[in-house]
Amino acid sequence: MTGNWVMTDADVGALLDVFETGRPAAADDIFYADVLVGLRQLIPCDDITFQLMDVAEQRLRLLVVTDEGVQREELVGMTDEFTQVFWQEFWEEDGCAGPLATGDYSTLLHHAELTRTRAYAGSALGSAFAALGVNDEIIVPMTPLGGTDRRLLLVRDSGSPDFSEREKAMLALVRPRLAELHTRRDRELRGEPNLTPRQWEVLRQVATGASNTQIARALGLSEATVRKHLENVFLRLGVQSRTEAVARVLAFLDAA
């Protein structure tokens, strides 16, 4: 099959390379700036933004990558003319509620067709985006985490081409990985220890009071393997005993 919408093996390989990174540029960043930089190189845009949104509080937390570098913003309420229109029109048919209104967190939203309609162009929100010079936008939604809306936004300004079907297919492919990475970043910010899935399984058993023999039987491991996992856990957590280890991770056991 041919056509510029077709993803190639090279596209997939390049995407995998982007997600081999994942290091925050600043200690309190909500996402990994290097991943955003890598995606922007593969899918050129004027800005790419990872956004967290609390609708009840009208709070936006943004990690933005542009030609000027990495920018961080937190906006609460109607701070200027644009955010006033944004929140006033949020739940309207042509507003920005999108996945929150439909419950569809799988489908990418491509605004090129909507934004070119006369009705949208004449709306308050359409006029606000036009004033910012926005030509096209793609929203990559993710299932909310702890009640917080998560989405990736890619914007092309006036004079730039629309996003292609190939580029949308690339973003659809990485959407689940973006959500996984943000979940990991959220846990890092909450202080969750970096343990392997098997180490978490062992610690869950330890938390029930199970002995090494019982853990080995429950997980289908040898006792020697269980002991080695616990040695590694103690080293990673900087603790000396099973009791200390459980106390260190107790708040995270259900989520891990």
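Modeller: Before the pockets, a convention: Ala, Val, Leu, Ile, Met, Phe, Trp, Tyr, Cys and Pro count as nonpolar, Asp, Glu, Lys and Arg as charged, and the others, Gly among them, as polar. The model is predicted.

Colleague: What is the make-up by class of the lining of the largest pocket?

Modeller: Under that convention the lining of the largest pocket has 13 nonpolar, 6 polar and 6 charged residues. The residues nearest the centre of this pocket are Asp47, Thr49, Leu62, Phe82 and Leu132, out of 25 that line the pocket. Leu62, Phe82 and Leu132 therefore count as nonpolar, Asp47 as charged and Thr49 as polar. The elements giving two or more residues to this lining are β1 (47-54), β2 (59-66), β3 (69-76), α3 (81-88), β5 (134-145) and β6 (148-157). The space in the pocket is about 680 Å³.

Colleague: What makes a residue part of the lining of a pocket?

Modeller: A lining residue has an atom within 4 Å of a point of the pocket. In the second largest pocket, with a volume of about 360 Å³, 14 residues line the space, and Arg184, Arg187, Glu192, Asn194 and Leu195 are the closest to its centre. Two elements, α8 (165-189) and α9, give two or more residues to this lining.

Colleague: Which element gives the most to the lining of the second largest pocket?

Modeller: That is α8, with 6 residues. By class, the lining of the second largest pocket has 6 nonpolar, 2 polar and 6 charged residues. Arg184, Arg187 and Glu192 fall in the charged class, because Arg and Glu are listed there.

Colleague: Why are α9 and α12 called roughly perpendicular to each other?

Modeller: The axes of α9 (residues 197-207) and α12 (residues 242-249) cross at roughly 110° and come within 10 Å. Angles of 65 to 115 degrees count as roughly perpendicular, and the pair is therefore given that label. In the contact, Trp200, Leu203, Val206 and Ala207 of α9 meet Arg242, Ala245, Val246 and Val249 of α12. These residues divide into 7 nonpolar, no polar and 1 charged.

Colleague: What is the angle between α9 and α11, and what label follows from it?

Modeller: α9 and α11 (residues 223-237) pack at about 95°, their axes 10 Å apart. The range for roughly perpendicular is 65 to 115 degrees, and this pair is therefore roughly perpendicular too. From α9, Arg198, Gln199, Val202, Leu203 and Val206 meet His229, Leu230, Asn232, Val233 and Arg236 of α11. The residues of this contact divide into 5 nonpolar, 3 polar and 2 charged.

Colleague: What makes β3 and β4 the edge strands of the sheet?

Modeller: The open sheet has 6 strands in the order β3-β2-β1-β6-β5-β4, with antiparallel pairing. β3 and β4 (109-110) each pair on one side only, and are the edge strands.

Colleague: How do you know that β2 and β3 pair?

Modeller: Two strands pair if there are at least two bridges between them. 8 bridges join β2 to β3, and the condition is therefore met. The strands run antiparallel, and one bridge partner is Val76 in β3, for Arg59.

Colleague: Which strands does α2 lie across?

Modeller: α2 (residues 33-42) lies across β1, β2, β3 and β6, and runs at about 55° to β2.

Note on methods. Residues are numbered from 1 along each chain as its sequence is written. This is a predicted model: local features need pLDDT of at least 70, side-chain atom pairs count only at pLDDT 80 or more; totals for chains, interfaces and linings use all residues. Side-chain values use heavy atoms; hydrogens and water are left out. Axes are lines fitted to C-alpha atoms, for helices over the stretch in contact, and angles run from 0 to 180 degrees between N-to-C directions. Helices (H or I, at least four residues) and strands (E, at least two) are DSSP runs, numbered from the N terminus. Angles under 35 degrees count as roughly parallel, over 145 as roughly antiparallel, 65 to 115 as roughly perpendicular and the rest as oblique. Contact means heavy atoms within 4.5 Å. On a 1 Å grid over the protein atoms alone, a cavity is a set of points where a 1.4 Å probe fits but cannot get out, and a pocket is an open set with protein on both sides within 12 Å along at least five of seven lines; lining residues have an atom within 4 Å of a point. Grid points are joined across faces, edges and corners, and a volume is the space filled by probe spheres set on the points.
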